[in-house]
Amino acid sequence: MGNHSLIWEKSSWRNYPIEQQPKWEDNKQLEQSINLISKLPSIVFSGETRLLLQETISTKVEKKILSRMKKLRFGNPLDKSIDMGPLVSFEQQSRVKGLVDKGVESGADIFQCDIPSNLKGYFYPPTLLKNVSPSMEIFQKEIFGPVLSSTTFRTPEEAISLSN
């Protein structure tokens, strides 16, 4: 069992730890990890996750996530061709915005996708917050919105500590 599997098993359910793998020269494992994240917009972009990235690959992974975020389709979640629907209420939309704003004020870097302006409902743009530290509220709380908070780790032990 590799370290990645060990981290996954010892991490709480809302974390996605990704570390460099020996066979990543061909990017296959990295692409599989990115596919897992991008195919779960109802989970990942519901904001119930933190992304833990090994420092040596964080920039590469975050660029790929941003590229996938830009391809998300918004609208009625009952339409199977749609990736992301609206939040449940104005209150939830305001809560998500408030948490993201606090994260940025605390030092996180923000990357948001544009969403069509003609959508009906309480949409919030898919958001990647980079350089999130464990002391930030955005790292500690479940957001329940389309926000992915990214932080880095150096060792598997550090990833396990961050995730629990």
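## Strand pairing around β4

Two strands count as paired if DSSP finds at least two bridges between them. In this predicted model, β3 and β4 meet that condition: four bridges join them, and the two strands run antiparallel. Within this pair, I110 stands opposite L129 of β4.

β4 also pairs with β5. Here three bridges do the joining, and the strands run parallel. T127 stands opposite V147 in β5.

## Side chains of β4

In a regular strand, side chains alternate between the two faces of the sheet. β4 can be read residue by residue. T127 and L129 point one way, while L128 and K130 point the other way. All of these residues are buried, K130 included.

## Helix α5

α5 spans residues 90-105, which makes 16 residues. From first C-alpha to last, the helix reaches 22 Å. That is close to the 22 Å expected at 1.5 Å a residue.

Which residues of α5 are buried? They are Q92, Q93, V96, L99, V100 and G103. These residues cover an arc of only 130 degrees around the axis, which puts them on the same side of α5. On the other side of the helix, E91 and E105 are exposed. Just after α5, G107 takes a positive phi of about 120 degrees.

## What α5 packs against

The buried residues of α5 pack against three strands and a helix: β3 (109-112), β4 (127-130), β5 (147-153) and α6 (137-140).

V100 shows this at the level of single residues. Setting aside neighbours within four places in sequence, V100 is in contact with I110, Y124, T127, L129, I138 and V147. Two facing pairs appear among these contacts: I110 stands opposite L129, and T127 stands opposite V147.

## Nonpolar cores

The largest nonpolar core has 17 residues. Which members touch the most others? They are V96, V100, L129, V132, I138 and V147. Elements giving two or more residues to this core are α5, α6, β5 and α7 (156-163). The largest share, three residues, comes from α5.

A second core is separate from this one. It holds ten residues, among them I65, L66, C113 and L148.

## Summary

β4 is joined to β3 by four bridges and to β5 by three. The buried residues of α5 pack against these strands and α6. V100 is buried, and it is one of the residues that touch the most other members of the largest core.

How values were computed
Residues are numbered from 1 along each chain as its sequence is written. This is a predicted model: local features need pLDDT of at least 70, side-chain atom pairs count only at pLDDT 80 or more; totals for chains, interfaces and linings use all residues. Side-chain values use heavy atoms; hydrogens and water are left out. The expected span of a helix is 1.5 Å times one less than its number of residues. Buried means under 20% relative accessible area, exposed over 50%, partly exposed in between (1.4 Å probe, protein chains only). The arc is that of the directions from the helix axis to the C-beta atoms. Contact means heavy atoms within 4.5 Å. A nonpolar core is a set of buried Ala, Val, Leu, Ile, Met, Phe, Trp, Tyr and Cys residues joined through side-chain atoms within 4.5 Å.
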